[in-house]
Each structure stands twice: as structure tokens, then as C-alpha cells.
Amino acid sequence: MRIMGLDFGSKTVGVAVSDALLMTAQGVEIIRRKEENKLRQTLARIEELIVEYEVEEIVLGMPKHMNGTEGVRVELTEEFKEKLERRTGLPVVFWDERLTTVSADRTMMEAGIRRENRKDYVDMLAATFILQGYLDRRSNEKKAAEASGSQDE
């Protein structure tokens, strides 16, 4: 089983996939579209990647504002989630994506990637950060549950 992470943008979707042990997230690709509302090819490509990587769950970045309020992008992301669930039959969970793009940009700056080249990678790296955050939380919750289970004995 693997989990897919998605960073849904107005003209791109960054894609990341976990390893089989659900420990690490790796960037896979950026799906680009010419028009914001043209999602058929985007959804078809996501389906292909789900089959290729044997994905059983999807984590979708939730683009809230820094103060926690929701804007137009949240509504579009919720619509995209519904389309994903209908088309793939897989569970889709939201993950707070605040600061993932900032972190992705900072990581690329530290790696020496030139400013004009960063836009080619930022969405895929943001998807990787979204998925890694989710995987880390799952792992921590599992460890906490195991620890509390052993204390009960």
C-alpha cells in the first residue's frame, strides 16, 4: 500500500507518493493543464499514477490562509476532492498545506536552484512536504497508540 500526496493549484497539481513502508514521500511529477477548469486529463493522469504506484489513499493539501480562514481556493479544492473520490473510489483526506510552498522554495534556495528554475519544481516539492507531514503524523499516532497499549498491560 502507498499513499499519494497532491498539491492542487490553479494550473498544476504536484504529485508525491510514499514508499511501501509509509515512511518517506518522494516527488513524482507535476501535472500541468492549460485551463483551470479543465480537469479531465488531470484526473486521468492521477488515475494512471494510482494504478502504477498501487495507491490506496490520497492526501490533498488544504490551502487555508495563514490566519486559518478559508478562501476561494479552499472551495475549489473541496470540489476537486469530491471529483477525486468519485473517480478513483479512494479515500481523500485533507492536510493543512500552509507554509509548504514557502518550505519548498526555501529548500530549493538552499540547494542552489536558480529562482527562474524553482517554479518547475515547487508544486512537486510542496506535494512531497504535504505527504511527509501526513506520514509523520500517522507514524507518531501509531507509536503513541502502541505506547499507551503497552501501559495498559
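A residue is called buried when its relative accessible area is under 20%, exposed when it is over 50%, and partly exposed in between. In this predicted model, buried residues account for 39% of the 153 residues of the protein chain. The chain contains 5 helices and 5 strands. The points below move from the whole chain to one strand, then to selected residues, and finally to two pockets.

**The chain as a whole**

- From beginning to end, the order of helices (α) and strands (β) in the protein chain is β-β-β-α-β-α-β-α-α-α.
- Contacts between residues at least 6 apart in sequence can be sorted by their separation along the chain, and 62% of them join residues at least 24 apart.
- The protein chain exposes about 9,100 Å² of surface, and carbon and sulfur atoms supply 49% of that area.

**Strand β1 and its partners**

- Strand β1 covers residues 2-8, and 6 of its 7 residues are buried, so the strand is largely enclosed by the rest of the structure.
- β1 runs parallel to strand β4 (residues 55-62), to which 5 bridges join it.
- Within this parallel pairing, isoleucine 58 of β4 stands opposite methionine 4.
- β1 also pairs with strand β2 (residues 12-18), here in the antiparallel sense and over 5 bridges.
- Leucine 6 has valine 15 in β2 as its bridge partner.
- β1 and β2 together form a hairpin, with 3 residues between the two strands.

**Arginine 2**

- Arginine 2 belongs to strand β1.
- The relative accessible area of arginine 2 is 25%, so this residue counts as partly exposed, given that the partly exposed class lies between 20% and 50%.
- Arginine 2 and glutamate 57 are 55 residues apart along the chain, while their C-alpha atoms are separated by 7.1 Å.
- Leaving aside residues up to four places away in sequence, arginine 2 touches a set of residues that includes Val17, Ser18, Asp19, Leu22, Glu54 and Glu57.

**Valine 15**

- Valine 15 is part of strand β2.
- With a relative accessibility of 0%, valine 15 counts as buried.
- The C-alpha atoms of valine 15 and isoleucine 46 are 8.4 Å apart, although 31 residues separate the two along the chain.
- Apart from residues up to four places away in sequence, valine 15 touches Met4, Gly5, Leu6, Gly27, Val28, Glu29, Ile31, Leu49, Met124 and Ala127.

**Two residues with a positive phi**

- Most residues other than glycine have a negative phi.
- Leucine 22 has a positive phi of about 60 degrees, although it is not a glycine.
- Leucine 22 sits in the loop between β2 and β3, and its relative accessible area of 18% makes it buried.
- Glutamate 54 is not a glycine either, yet it has a positive phi of about 55 degrees.
- Glutamate 54 is placed in the loop between α1 and β4, and its relative accessible area of 58% makes it exposed.
- Both leucine 22 and glutamate 54 are among the residues that arginine 2 touches.

**The largest pocket**

- The largest pocket holds about 240 Å³ of space.
- Its lining consists of Leu21, Leu22, Met23, Leu135, Arg138, Ser139, Lys142, Lys143 and Glu146.
- Sorted by class, this lining of the largest pocket has 4 nonpolar, 1 polar and 4 charged residues.
- Leu22, one of the lining residues of the largest pocket, is the leucine described above with a positive phi.

**The second largest pocket**

- The volume of the second largest pocket is about 190 Å³.
- Residues lining the second largest pocket include Ile31, Arg32, Arg33, Lys34, Asn37 and Lys38, together with Leu39, Arg40, Gln41 and Thr42.
- β3 (25-32) and α1 (40-53) each provide at least two residues of this lining.
- With 3 residues, α1 gives the most to the lining of the second largest pocket.
- By class, the lining of the second largest pocket has 2 nonpolar, 3 polar and 5 charged residues.
- Ile31, among the residues lining the second largest pocket, is also touched by valine 15.

Methods
Residues are numbered from 1 along each chain as its sequence is written. This is a predicted model: local features need pLDDT of at least 70, side-chain atom pairs count only at pLDDT 80 or more; totals for chains, interfaces and linings use all residues. Side-chain values use heavy atoms; hydrogens and water are left out. Helices (H or I, at least four residues) and strands (E, at least two) are DSSP runs, numbered from the N terminus. Buried means under 20% relative accessible area, exposed over 50%, partly exposed in between (1.4 Å probe, protein chains only). Contact means heavy atoms within 4.5 Å. Accessible areas come from the Shrake-Rupley method with a 1.4 Å probe; for residues, only the protein chains shown count as cover. On a 1 Å grid over the protein atoms alone, a cavity is a set of points where a 1.4 Å probe fits but cannot get out, and a pocket is an open set with protein on both sides within 12 Å along at least five of seven lines; lining residues have an atom within 4 Å of a point. Grid points are joined across faces, edges and corners, and a volume is the space filled by probe spheres set on the points. Ala, Val, Leu, Ile, Met, Phe, Trp, Tyr, Cys and Pro count as nonpolar, Asp, Glu, Lys and Arg as charged, and the others, Gly among them, as polar. Two strands pair if DSSP finds at least two bridges between them.
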